[in-house]
Amino acid sequence: MKWIAVITGALAATTAFAQPVQPPPASSSPVGDLLARALAIVISNGALTAKIARIDAAQGFYNGTRFDQAGVITSLTLNGREFYGPWFEKLAPDVLDYTYVGENIVAGPDSATSGPVEEFAPLDFEPKPGLFIKPGVGVLYQPDTQPYDHYRHYRVMDAGQRSTKITKTSVTFTQILANAGYGYSYEKTLSLVPGKPELLITHRLRNTGAKPINTNVYDHNFLRLVSGNAGVKVTFHFPIAAASPPPADLIRIQGNSLTYLRPMANKERVSFLVTGFGKTATDYDFTIEDPVHGGEVRVHGDQPVTRLNIFSVDRVQSVEPYIDINLAPGAEKRWSYAYAYKAENKK
C-alpha cells in the first residue's frame with residue numbers, strides 16, 4: 001500500500017505532537033548571519049512592505065524539505081510594526097524541529113522558517129529506500145525503512161524547473177515537476193493589494209501527470225504579535241472547543257474565541273486541535289489581535305477547513321488551518337488566503 005493512503009492523517013497529527021527528544025546540537029549559528037546573506041525580494045504598496053526569500057540552494061533563507069520553499073516572508077511591516085520574522089535565535093543542521101540551548105531557541109533546517117508558510121503532505125511515500133514527492137519542494141530521497149517524519153531533512157534529488165516573476169507589489173513563484181507518473185505545475189503568488197494593508201496569497205496547482213494527486217496543505221502562520229502572547233485573542237466565526245484543552249491558566253476558551261491570559265514562559269509550548277468548524281469556506285475566517293498594543297491580522301480563505309490546530313511558544317503564535325487537495329490527471333485547483341493587517345500605536 002502506498003504511504004499516501006495514510007499519510008494525510010499522519011502528517012496532520014504531527015502538529016500536535018511534542019518536540020522530538022534530542023541532545024543539544026554540536027554547534028549552531030546566529031539567525032542574523034543567515035538573514036544578512038540570504039537573498040530577498042522586497043515588495044511594497046506604500047502601506048505594507050514585505051521581504052520575501054528567494055529560492056536559492058546556496059544563498060536562500062529556507063532550504064528545508066518540510067515547508068513549501070516558495071513565498072517565505074522574513075519581514076512584513078505596517079506603520080513600523082513587524083508581524084513576521086524568525087522566531088528562533090540560532091540554527092543547527094542536526095536539530096529536529098527546534099530545541100533550546102540556554103534561553104535561545106535553536107531551529108533545525110526544516111523548521112527554521114518564517115511567516116505564513118505552507119506544508120503539503122507528501123506524494124508516493126513508502127517506508128523503504130526510494131523516491132517521493134513533496135509539493136513545493138521537489139523529488140526527495142527516502143534512505144531507509146523509517147516512517148515519514150516532516151522534521152527530518154531529506155535529500156532533494158530534483159527541485160524541478162523553477163521561475164520567479166517580480167513586480168513592485170507582487171512576486172510569483174512557479175515550479176514544474178515530474179517523477180514516476182506524478183507531475184504538476186504549481187504557481188504561487190504573493191501580492192499586496194493597492195491602497196490597502198492587505199496581502200493576498202493565491203495558488204494554482206495543475207496535475208500534469210498520469211497519477212492522481214491526493215494531498216492536503218496547511219498554513220503554519222508563524223505570527224509575532226507580542227512577546228509571550230499575553231492578551232492575544234483569536235476569534236473564529238463558529239463556537240470552538242479544544243480536543244485536548246490547553247492549560248486553563250494560560251488560555252481561556254469561550255464561545256468563538258480563545259485568549260492568552262498570561263505571558264508564556266521560555267521553553268513553554270502549547271499545541272492542540274480546535275473543533276467546531278463546518279464544511280464550507282465560511283469558517284476559514286479568523287482574527288488574531290493584540291488589543292493592548294493595537295496589532296491585528298484577519299485571515300480568510302476560500303476553501304473549507306478540514307483540520308485546525310493552534311501552536312504557540314513564547315516567541316510566536318500560530319493558527320494552522322488545513323485544506324484537502326484531490327486532483328485527477330489534467331485537473332487544476334486554485335485557492336487563496338487573504339490577510340488584512342492593522343497596526344495602531346496604543347502604547
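## Tyr184 in strand β15

Tyr184 has a relative accessibility of 1%, so this residue counts as buried. The cut-off for buried is under 20% relative accessible area. The model behind this value is predicted. Tyr184 sits in strand β15, which covers residues 182-192.

Contacts of Tyr184 beyond four places in sequence come from several stretches. Ile133, Lys134, Pro135 and Gly136 are among them. Gln175, Ile176 and Leu177 also touch Tyr184. So do Leu205, Arg206, Thr208 and Ile213. Thr280 is another matter: its C-alpha lies 26 Å from that of Tyr184, with the two positions 96 residues apart in sequence.

## Overall build

The protein has 27 strands and two helices. Its radius of gyration is 19 Å; a compact globule of 347 residues would have one near 20 Å, so the two agree. Along the principal axes, the C-alpha atoms fill a box of roughly 55 × 45 × 45 Å.

Of the 347 residues, 52% count as buried. Among contacts with a separation of 6 or more, 65% join residues 24 or more positions apart.

## Surface and charge

The accessible surface comes to about 14000 Å². Carbon and sulfur atoms account for 53% of that surface.

The protein carries 34 positive and 32 negative charges. The mean positions of the two sets are 3 Å apart.

## Aromatic pairs

A pair of aromatic rings is described by the distance of the centres and the angle of the planes. The count for this protein comes to 22 aromatic pairs. One of them joins Phe125 and Phe132. The pair is edge-to-face, with 4.9 Å between centres and 80° between planes. Phe125 has 0% relative accessibility and therefore counts as buried. Phe132 is at 1%, so Phe132 counts as buried too.

Phe236 and Phe238 form a tilted pair. Their ring centres are 5.5 Å apart, and the planes meet at 40°. Phe236 and Phe238 are both buried. Ring pairs also build a cluster. Its members are Tyr62, Phe67, Trp87, Phe88, Tyr98, Tyr100 and Phe222.

## The loop between β21 and β22

Strand β21 spans 257-260 and β22 spans 269-275. Arg262 is found in the loop between them. Its relative accessible area is 23%, so Arg262 is partly exposed. Outside its sequence neighbours up to four places away, Arg262 touches Gly228, Ala230, Asp249, Leu250 and Glu268. Val232 is 30 residues from Arg262 in sequence and 9.3 Å away in space, C-alpha to C-alpha.

Pro263 lies in this loop as well. Beyond four places in sequence, Pro263 is in contact with Gly228 and Ala230. Both of those residues also touch Arg262. Ile41 is 34 Å from Pro263, C-alpha to C-alpha, and 222 residues apart in sequence.

Lys267 belongs to the loop too. Its phi is positive, about 75°, although Lys267 is not a glycine. Lys267 counts as partly exposed because its relative accessibility is 46%.

## Asn229, a buried loop residue

Asn229 also has a positive phi in a residue other than glycine, near 70°. Asn229 is placed in the loop between β17 (213-219) and β18 (233-236). At 1% relative accessibility, Asn229 counts as buried, whereas Lys267 is partly exposed.

## Lys128, another loop position

Lys128 is in the loop between β9 (118-120) and β10 (130-134). Its relative accessibility is 46%, so Lys128 counts as partly exposed. Setting aside residues up to four places away in sequence, Lys128 touches Gln142, Asp144 and Thr145.

Tyr341 and Lys128 are 213 residues apart in sequence. In space, their C-alpha atoms are 45 Å apart.

Terms used. Residues numbered from 1 in each chain as written. Predicted model: local features only at pLDDT ≥ 70, side-chain atom pairs only at ≥ 80, totals over all residues. Heavy atoms only, no water. Helix = DSSP H or I, 4+ residues; strand = E, 2+ residues; numbered from the N terminus. Rg over C-alpha atoms; globule rule 2.2 N^0.38 Å. Buried < 20%, exposed > 50% of the residue type's maximum accessible area, 1.4 Å probe, protein only. Contact = heavy atoms within 4.5 Å. Areas by Shrake-Rupley, 256 points an atom, 1.4 Å probe, with all protein chains shown as cover. Lys, Arg positive; Asp, Glu negative; His and termini not counted. Charge placed at Lys NZ, Arg CZ, Asp CG, Glu CD. Phe/Tyr/Trp six-rings, centres within 6.5 Å; stacked < 30°, edge-to-face > 60°.
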